[in-house]
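Dear colleague,

Please find the structure handed over to you below. My notes on it come directly after.

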4 protein chains.
Amino acid sequence: MAVAEPENTTRRRAPRVDAIRNREAIIETAAEVLAEQGTTVDVREIARRSGVGMGTLYRHFPKKEDLVDTVLRKEFSRWAESARQAAIDAEDPWAALTDFYQQALSGYARHRAIQERFALTWSAPDLEGLHQLRLVIEELCARATGLLRPGVTTDDLLLLLVSLGHAVQITDGCRPHMWHRLLRISLDGLRADHREPLPADTAPDTHQPRPETPKR
Amino acid sequence: MAVAEPENTTRRRAPRVDAIRNREAIIETAAEVLAEQGTTVDVREIARRSGVGMGTLYRHFPKKEDLVDTVLRKEFSRWAESARQAAIDAEDPWAALTDFYQQALSGYARHRAIQERFALTWSAPDLEGLHQLRLVIEELCARATGLLRPGVTTDDLLLLLVSLGHAVQITDGCRPHMWHRLLRISLDGLRADHREPLPADTAPDTHQPRPETPKR
Amino acid sequence: MAVAEPENTTRRRAPRVDAIRNREAIIETAAEVLAEQGTTVDVREIARRSGVGMGTLYRHFPKKEDLVDTVLRKEFSRWAESARQAAIDAEDPWAALTDFYQQALSGYARHRAIQERFALTWSAPDLEGLHQLRLVIEELCARATGLLRPGVTTDDLLLLLVSLGHAVQITDGCRPHMWHRLLRISLDGLRADHREPLPADTAPDTHQPRPETPKR
Amino acid sequence: MAVAEPENTTRRRAPRVDAIRNREAIIETAAEVLAEQGTTVDVREIARRSGVGMGTLYRHFPKKEDLVDTVLRKEFSRWAESARQAAIDAEDPWAALTDFYQQALSGYARHRAIQERFALTWSAPDLEGLHQLRLVIEELCARATGLLRPGVTTDDLLLLLVSLGHAVQITDGCRPHMWHRLLRISLDGLRADHREPLPADTAPDTHQPRPETPKR
DNA sequence: AATGAATGAGCCTTCATTCAT
DNA sequence: AATGAATGAAGGCTCATTCAT
């Protein structure tokens with residue numbers, strides 16, 4: 001009638017705690033493996049390194065994609081948060097912008113799967129973490145008003161992130177510092193010195209027209 | 001009376017002369033398919049869409065990789081050349097730079113396989129066409145002396161190309177004009193207005209001589 | 001009420017314990033198929049006749065060659081052992097020799113793959129079971145000292161085995177008893193009655209020490 | 001290739017002579033290739049080394065097997081004839097037998113395809129050349145009457161040939177002289193010294209009962 | 001709830017044979 | 001009559017997913 005004393009149960013019958021523990025072991029391992037090898041990795045590799053069987057893995061994540069999604073969502077958030085923190089810690093608005101990119105791009109290099117998923121994000125914007133990132137960027141924009149050239153949008157800064165992220169990825173192996181140069185160039189191009197208007201983003205099939213980016 | 005117009009013959013089934021035609025049909029189809037799906041395509045797909053049997057495909061290209069290489073080399077060269085031409089046609093040095101990127105990036109979006117291969121280029125520089133591209137960029141640098149900010153290297157411009165190329169690719173589906181904004185930003189960042197030195201690229205295996213790399 | 005008789009379960013679909021069962025089913029089937037068709041069999045044939053899927057087969061034997069090796073090693077040993085047993089059971093040394101060949105050759109006929117592998121053994125002596133066989137033969141030689149003609153080596157007897165084995169194989173279908181005649185002839189030729197020295201085996205890479213090889 | 005005087009005809013229109021010439025070139029090349037690599041050889045290899053196109057090859061030999069048959073028949077005859085000649089040249093009946101085997105077995109080593117085909121001969125006795133060989137052996141038997149142990153049949157000697165042939169083949173690479181020992185042993189076992197009757201060849205499915213082998 | 005064996009569609013490649021020129 | 005390109009059915013192997021215990 002009362003709550004069953006767990007003391008009583010056989011040690012072998014871990015009730016639910018272990019299921020959660022397993023789930024997290026899987027996620028953690030998958031995060032590593034996906035970062036290393038990208039989404040094409042063999043599911044067996046994840047199961048083996050997690051120390052669980054295939055059945056357990058598939059009980060928690062019925063499809064490989066479910067696991068990948070879960071992991072990426074988590075990693076994405078963590079990544080976005082670390083970038084946000086870097087921005088918050090900065091002394092002035094422009095440093096915030098710079099540090100944000102520095103931090104975000106540094107993290108980007110270690111996550112092959114995030115890179116892959118990010119590349120798909122624009123056409124399939126299901127990654128919820130993207131919203132967090134956008135919020136951070138919007139905040140950065142707001143803080144840097146007057147320092148940023150006119151007309152720069154959140155999407156501009158987001159795309160710049162992805163764009164540089166790719167540069168980081170491909171140079172990570174042999175020229176690990178090279179991307180800093182590109183970042184500097186791009187950020188300089190974002191300064192308010194440049195008063196010429198940016199080209200319109202007038203694609204016919206634009207999802208959402210956004211002449212002005214509201215500061216939220 | 002004259003030699004029959006080859007235009008007339010059915011595209012399939014024709015030896016000798018049309019073996020070449022077949023070969024080119026394969027290459028052309030493969031170019032499309034590789035652009036669409038990347039290098040992981042099923043060879044059968046290429047064969048089917050080319051209208052040839054597996055054997056024919058493998059007669060011309062003993063390994064899948066041979067086909068991919070052939071196609072990519074060709075596409076890469078064509079792409080680089082079209083970008084070069086755009087640069088040549090430009091009126092002034094800066095327009096040359098701008099037009100080069102415009103043209104190159106426009107072409108980039110439609111070639112998933114080129115993107116894949118390009119991403120590997122830095123670590124495995126086997127794609128000969130890369131050299132062509134570098135030459136073009138070097139020339140652009142030379143012409144734009146005094147307009148470019150000091151310290152900008154060929155590799156910087158090349159990496160910028162790849163970086164923006166990625167942006168083009170991922171926005172191509174839903175926001176096909178957005179990347180122009182990023183390009184403008186980056187190019188503005190490359191102008192000689194910006195006199196602050198770029199961060200050093202302290203990787204040991206630098207390919208290009210860098211005229212002056214200030215230690216910051 | 002008691003533990004379910006494993007005998008009762010369907011042969012297919014059963015993990016753990018029956019994984020072993022499956023493995024052995026594969027090996028058994030493969031042994032049959034390899035005996036019938038040699039090493040060129042389609043792996044699918046083995047899978048189908050084993051009642052398992054391709055994946056199962058490849059789980060147990062990552063390469064076709066692994067399966068073939070495993071099966072052949074086993075079959076080879078079993079075959080060698082049965083021949084050895086026949087020799088042991090014999091009443092006198094000469095009968096041992098005779099019975100050894102009888103038994104060995106009887107088994108040989110049904111194993112195309114063993115034949116194939118045996119044919120390669122001389123140039124590529126990787127089949128460990130060959131050593132066992134050699135030991136048996138050496139023992140036979142020792143026991144039959146004084147009955148065998150001088151100069152006969154282990155290799156002579158081994159080669160005779162292979163040689164007759166071939167005869168057995170090709171006559172197995174239509175004249176299944178014919179090889180006994182050849183065996184009798186050969187064994188008679190091995191008797192000590194024949195005192196003329198055998199021709200030298202002047203190959204440089206002799207494996208076995210030869211007591212006395214007269215130069216004829 | 002075309003040496004024929006085509007003085008009159010257009011050079012391109014070799015009439016029939018060249019067809020024959022081609023056919024023979026194919027056969028000759030195929031003989032080499034089959035001897036080297038056995039019947040699993042790629043037809044292209046034969047075509048290429050013959051200097052003819054696939055179409056030509058297949059015009060002359062609609063199936064690969066047709067070519068193989070033609071070649072083997074020819075090679076088989078040539079081989080049998082050379083062995084017969086060796087027998088004829090011998091001084092006495094026993095030497096005839098010995099030299100016959102010597103010659104036949106020496107030739108055997110160089111013909112992988114003959115070996116393969118010979119192995120099938122007993123179950124599929126379509127190889128006409130086999131008849132020739134049998135005639136030679138019958139003649140040898142007749143000449144050696146009184147020297148051979150009683151009851152030895154043509155088929156015994158033929159099977160001995162095949163049997164030793166296999167030994168020759170597998171030792172050809174590393175112990176090229178070893179088979180002579182086996183030959184000596186077998187021939188000694190065939191001598192009339194051995195008066196014990198050979199086991200009967202009483203297979204139930206024997207094609208032709210042959211208690212006595214008439215000396216023709 | 002966990003395990004890991006089983007499944008089988010799908011991928012790259014080869015080669016005997018056919019066919020248009 | 002010759003040419004060699006084209007064909008497509010296999011064959012070896014992988015891996016996401018299911019299933020019996």
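The notes below deal with the surroundings of the two DNA strands, E and F.

This is a predicted model, in which local features need pLDDT of at least 70 and side-chain atom pairs count only at pLDDT 80 or more, whereas totals for chains, interfaces and linings use all residues. Residues are numbered from 1 along each chain as its sequence is written, chains are lettered from A and ligands numbered from 1 in the order in which they are written, and side-chain values use heavy atoms, without hydrogens and water.

DNA strand F is surrounded by 45 residues (a residue is near a strand if one of its heavy atoms lies within 4 Å of it). Among the closest are B:Asn22, B:Arg59 and C:Asp42. Of the strand F atoms within 4 Å of the protein, 59% belong to sugar or phosphate and the rest to bases. A side-chain N or O atom of C:Arg44 is 2.6 Å from a base oxygen of strand F, and a polar side-chain atom of A:Asp42 lies 2.9 Å from one of its phosphate oxygens.

DNA strand E has 44 residues around it, with B:Met54 and C:Thr56 among the closest. Sugar and phosphate make up 61% of the strand E atoms that come within 4 Å of the protein. A polar side-chain atom of C:Asn22 lies 2.3 Å from a phosphate oxygen of strand E, while one of D:Arg44 lies 2.6 Å from a base nitrogen of strand E.

Yours sincerely

Conventions. Polar contact = N/O pair within 3.5 Å; in protein donor to acceptor, adjacent residues only side chain to side chain.
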